[in-house]
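Here are my notes on the model, set out as numbered points, with the ligand site taken up before the helix packing. Please read them alongside the sequence and the coordinates.

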Amino acid sequence: MEKIKEKFDLAVIGGGPAGIMAAGRAAELGARVVLIEKNQVFGKKLLITGNGRCNITQAEFNDKKFVEKLGKNGQFLLSALSVFGPEETIKFFENNGLKIKEERGGRIFPVSDKAEDVLNVLLKYLHKNKVKFILGQEVIGFNVKKRIIESVKLKGGEIAAHRFILCTGGKSYPQTGSTGSGYEWAEKMGHKIINPKPALVPVETMENWVLDVQGLNLKNISVALFQNNKKLDYRFGEMLFTHFGLSGPIILDLSKKIGELLAVGEVVLEIDLKPAIDFLTLDKRLQRDFKNNKNFKNYLPELVPRKLSGLIVRFSKISPDKKLNSITKEERKKLISVLKGLKLRRLYLMIVYPVLYI
Ligand SMILES: Cc1cc2nc3c(=O)[nH]c(=O)nc-3n(C[C@H](O)[C@H](O)[C@H](O)COP(=O)(O)OP(=O)(O)OC[C@H]3O[C@@H](n4cnc5c(N)ncnc54)[C@H](O)[C@@H]3O)c2cc1C
């Protein structure tokens, strides 16, 4: 690395979205800024967000309502949101040329569905404001004199600055560069660190039938959590079966609660494949459909995604070759209870892949 003698007004450590915004904004206000990133590229984690589409923000413009969704720890964000909340975020990206769209649940995405386009806006912001950047250099410590940080130590040198901002990210997905080293430094400098807990984590299960349906994405379904036969949480939306268990938006969303419940006992997760219709309405529909003499297995794809057919046969215990018009009332009731309550027990949080630590 070439020796940098200049003393900067500000050195920002970590080139994720937080570091890029902090560096770009300080430079926009006239500071001489350097941004240091240990990867060879900026925003590695940003590129995998929202399944590669990047859910930029939420169309929730009431700050109080926004933080309510983040639980009791959300309050601390209020002062930041009052200065730069979702409205300002949307304006920032639109003013910098990104077309955005709102999807179900108020989620804001780029129209192109590419996280890369979000990152490109941020990179342009750095260039426009002449932020100096250093890529491929890891900050490994600080030189502190009389409780004041004078410079950061890099493997290949030192960078001096009057002020420093630590944006090294959380602990999730360490492959992207954020290993949680910032927590240790902050603690060494006298900050109190609350032990981070995993949140937004895929869920692993020992129920081996999920292997038969891995890759299946279910839309417009609901998932409920039970403990001691009490329904304790619920989400409607989209989920995914994987080779290890469950993932997708509503599972990630429920994972924090699953973690809390698992700490005190067994959790049963129930998938309702037909949440829009109640038991009786579904029963009436099946009675109508079962008037013909099709085989059960040939009818099932009309009712559920094809990949689920085998599972429904297995759990409902209705023979696949049975004619619809000879299915008994008991069998029909059993089928409805499977469709409206596909149960998974033996759950674990898949802590290797949390999206967040909070
Ligand atoms: C799978 C997944 C999906 C997600 N989806 C979304 C989504 O759709 N919407 C959303 O808002 N959020 C999403 N998130 C969360 C989002 O990615 C993070 O909140 C965001 O990246 C945090 O930004 P950051 O700049 O604080 O940290 P990071 O993005 O983690 O960036 C920190 C940077 O610091 C660098 N760094 C670390 N230590 C050093 C060091 N010692 N020296 C130099 N550089 C260092 C790292 O290499 C890294 O580039 C998702 C996260 C994951 C894992």
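1. The residues of the shell around the ligand comprise 14 polar, 9 nonpolar and 4 charged ones. Since this is a predicted model, I would ask that this composition be presented as computed from a prediction.

2. The shell amounts to 27 residues, and the closest of them to the ligand are A18, E37, N55, V139 and S178. In terms of secondary structure, at least two shell residues come from each of α1 (17–28), β2 (33–37), α2 (44–48) and α7 (181–188).

3. Which side chains place an N or O atom by an oxygen atom of the ligand? One is that of E37, where the separation from a ligand oxygen is 2.7 Å, and another is that of N39, where the corresponding distance is 3.3 Å. For A18, by contrast, the contact comes from the backbone, with an N or O atom lying 2.9 Å from an oxygen atom of the ligand. On its own the ligand has 1,000 Å² of accessible area, and 83% of this is covered by the protein.

4. Helix α1, which supplies at least two residues of the shell, also packs with helix α6 (residues 115–128), their axes being 9 Å apart and set at an angle of about 30°. Because angles under 35 degrees count as roughly parallel, α1 and α6 are to be described as roughly parallel to each other. The crossing in which α1 passes α6 is left-handed.

5. How do the axes of α9 and α10 cross, and at roughly what angle? Helix α9 (residues 279–289) and helix α10 (residues 296–303) have axes that come within 12 Å and cross at roughly 135°, and α9 is therefore oblique to α10. The handedness of this crossing of α9 and α10 is right-handed, whereas that of α1 and α6 is left-handed.

Methods:
Residues numbered from 1 in each chain as written. Predicted model: local features only at pLDDT ≥ 70, side-chain atom pairs only at ≥ 80, totals over all residues. Heavy atoms only, no water. Near = heavy atom within 4 Å. Polar contact = N/O pair within 3.5 Å; in protein donor to acceptor, adjacent residues only side chain to side chain. Areas by Shrake-Rupley, 256 points an atom, 1.4 Å probe, with all protein chains shown as cover. Helix = DSSP H or I, 4+ residues; strand = E, 2+ residues; numbered from the N terminus. Nonpolar A, V, L, I, M, F, W, Y, C, P; charged D, E, K, R; others polar. Axes fitted to C-alpha atoms, helices over the stretch in contact; angles between N-to-C directions. Parallel < 35°, antiparallel > 145°, perpendicular 65-115°, else oblique. Left-handed = near helix turned anticlockwise from the far one by under 90°.
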